[in-house]
Amino acid sequence: QLQASGGGAVQAGGSLRLSCAASARTFSTYAMGWFRQAPGKEREFVGAIRWDGGSTFYAGSVKGRFTVSRDNAKNTVYLEMNSLKPEDTAVYYCACGRTFSTSPSLYDYWGQGTQVTVSS
């Protein structure tokens, strides 16, 4: 089970940090991904981190502004979001899977989502 938190409303240029806590003791063996879905749009990849934290990958639209990290001792993955833009407004989801991937179909378990709203 994954529980995402940390969403909220912020002005453009601001920052937020999302957290995703996992209940599984096997958390440290899973790759973790962050995705987002804006109203009327398909779910899109944001960033991912390998099971050991040794590698990350980001969508071009967030690269340099967002950072994915994880603390396997706390079974938690984070999404640090800086220099937020109105176009970052979406519901953000965390997910875990056996494959370090940008494709949502390769993730097995999903959190419930947390709303991020960025105003101009």
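The questions and answers below walk through salt bridges and one glycine in this predicted model.

Visitor: How many salt bridges does the count come to?

Guide: A pair is counted when a side-chain nitrogen of Lys or Arg lies within 4 Å of a carboxyl oxygen of Asp or Glu. One of the pairs is Arg 50 with Asp 52, whose side chains meet at 2.8 Å, N to O. By this rule, the count comes to four salt bridges.

Visitor: Which parts of the chain does the salt bridge between Asp 88 and Arg 36 tie together, and how many residues apart are they in sequence?

Guide: The closest N and O atoms of Asp 88 and Arg 36 are 2.9 Å apart, and the two residues form a salt bridge. Asp 88 lies in the loop between strand S8 (76-81) and strand S9 (90-97), whereas Arg 36 belongs to strand S4 (residues 31-37), so the pair ties together parts of the chain whose separation in sequence is 52 residues.

Visitor: Is Arg 36, the partner of Asp 88, buried or exposed?

Guide: Buried means under 20% relative accessible area. Asp 88 has a relative accessible area of 1% and is buried. For Arg 36 the relative accessible area is 5%, which is under that cut-off, so Arg 36 is likewise buried.

Visitor: Are Arg 50 and Asp 52 buried, exposed or partly exposed?

Guide: The cut-offs are under 20% for buried and over 50% for exposed, with partly exposed in between. Arg 50 has a relative accessibility of 32%, and Asp 52 has one of 36%. Both values fall between the two cut-offs, so Arg 50 and Asp 52 count as partly exposed.

Visitor: Which residues are joined into one network by salt bridges that share partners?

Guide: Arg 65 forms a salt bridge with Asp 88, with the closest N and O atoms 2.8 Å apart. This pair links distant parts of the chain, since Arg 65 is in the loop between strand S6 (56-58) and strand S7 (66-71), while Asp 88 is in the loop between S8 and S9, 23 residues apart. Asp 88 also forms a salt bridge with Arg 36. Through shared partners, the salt bridges join into one network Arg 36, Glu 44, Arg 65 and Asp 88.

Visitor: How far apart in space are Gly 33 and Gly 97, C-alpha to C-alpha?

Guide: Gly 33 is found in strand S4, and at 0% relative accessibility it counts as buried. Leaving aside neighbours within four places in sequence, Gly 33 has contacts that include Gly 47, Tyr 93 and Tyr 107. Gly 33 and Gly 97 are 64 residues apart in sequence, and their C-alpha atoms are separated in space by 8.1 Å.

Notes. Residues are numbered from 1 along each chain as its sequence is written. This is a predicted model: local features need pLDDT of at least 70, side-chain atom pairs count only at pLDDT 80 or more; totals for chains, interfaces and linings use all residues. Side-chain values use heavy atoms; hydrogens and water are left out. Helices (H or I, at least four residues) and strands (E, at least two) are DSSP runs, numbered from the N terminus. Buried means under 20% relative accessible area, exposed over 50%, partly exposed in between (1.4 Å probe, protein chains only). Contact means heavy atoms within 4.5 Å.
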